[in-house]
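Let us walk through the charged side chains of this protein and ask where they pair and how far they are open to solvent.

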Amino acid sequence: MNYRILGNTGLQVSEISFGTIPILQGSIPVLPDYYNLDMEAAIAVMKHAFFLGCNLYDTAIVPEYGDAEFKLGEFAQRVGRNQIIISDKARFFDGNGIYEAVLTSCENLGTYPDLYFVHQVDTAHEDEVFQKGGALDALAELKKQGIIRFAGIASHYYDILLRGAKDARVDVLQGSGNLLERGMLDRIKQEPLFQKKGLLINKVYAAGLLPALFPVQTLIQSVLSYPISSTLIGLGTIEQVESAMRRNTSEDISDIPSFDEVLSTLQKEYQPIPCDRCQRCLCPYGTEIHTLFRQFQYFYLGKDHWAIKKLGMGIQDSARYCRTCTEMPCLSMCPKKIRIPEKLQEIEKLFLIHRNSHPSP
């Protein structure tokens, strides 16, 4: 295992860190593959990663991540609290909400979190998080009190992460990216402000879809080629730990497929949209074009039910707005020169065909 410095925190973290979603037990919507591990089985998987050099374990508050906090707390007690770094998070955007969430997490863990993130900050809640009295202020106070060590922002949006990179209250950031969805990572690499923050990257396997098409070592190394601190990998079995952590560390950047080569591989399965989710395409009607494109890709990569459900929450409105738009600024914004209006109509057609073929009971 190799280690990297986590921004200006002074912490050394393993390049591969442990995401606890797959060790959950219970009916949890966030769980992509249902392992249903009990306490001892979960600890055995975490211990195996620990013995292979993993020292950073990422979780989230109950009930979002089920019983993962309890399992991680027990694991920390068994291996020694000072032997690991605990990363935790909660989806509360106001100061009072996140303050109480941290105290609850401490109780569930039976110890303190080293890193605590405001989870999944989006454009609808961004200002609430950053404003006076918001979630960031609360984390800063908790850090001052010694209840947490470092405060963070977790988001899938580049502009929000950039705002966090500019904010002195933020020590660590958590974003997403992978071999296919590398656009945000490319932008982060070009922005010096990110170099002062510890940066964790999740969705390295694209919700578990990419390992069917690319070697795990290639997926991990592609993300580690960027100036980040650690890759967060969801691990639920000994075999998954072995696959991720016993990798070929001699692999270099020249072994990583280019974006065009990735598209060529995907073309064996379907006709992909050449979108890397750089998030530069801003729609005047508020459509998250890159998110719709992602759901299209995930539909064909195996997440068909999830993708259609997400598309059903707005694709028809987005397609209608697109048909009436006369300026179409998205076309000039897209570095890949994707014919965005045509693709949105194609995605709407996909949704309607699937909906008509699978009517609701």
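In this predicted model, Asp317 has a relative accessibility of 37% and therefore counts as partly exposed, since that class lies between the limit of under 20% for buried and over 50% for exposed. Asp317 forms a salt bridge with Arg320, and the closest N and O atoms of this pair are 2.9 Å apart. Both residues belong to helix 13 (residues 315–324), where they are three residues apart, about one turn of the helix. Arg320, with a relative accessible area of 39%, is partly exposed as well. Elsewhere, Glu40, Glu74 and Arg78 are joined into one network by salt bridges that share partners.

Other pairs reach across the sequence. Arg169 forms a salt bridge with Asp137, with 2.7 Å between the closest N and O atoms. Because Arg169 lies in the loop between helix 6 and strand 8 (172–176), while Asp137 sits in helix 5 (residues 135–144), this pair ties together parts that are 32 residues apart in sequence. Arg169 counts as partly exposed at 21% relative accessibility, and Asp137 counts as partly exposed at 27%.

A further link of this kind involves Arg163, which forms a salt bridge with Asp127, the closest N and O atoms being 2.9 Å apart. Here Arg163 in helix 6 (residues 158–166) is connected to Asp127 in helix 4 (residues 126–130), so that distant parts of the chain, 36 residues apart, are linked. Arg163 has a relative accessibility of 30% and counts as partly exposed. The structure as a whole holds 19 salt bridges, the pairs described above among them.

Conventions. Residues are numbered from 1 along each chain as its sequence is written. This is a predicted model: local features need pLDDT of at least 70, side-chain atom pairs count only at pLDDT 80 or more; totals for chains, interfaces and linings use all residues. Side-chain values use heavy atoms; hydrogens and water are left out. A salt bridge is a side-chain nitrogen of Lys or Arg within 4 Å of a carboxyl oxygen of Asp or Glu. Helices (H or I, at least four residues) and strands (E, at least two) are DSSP runs, numbered from the N terminus. Buried means under 20% relative accessible area, exposed over 50%, partly exposed in between (1.4 Å probe, protein chains only).
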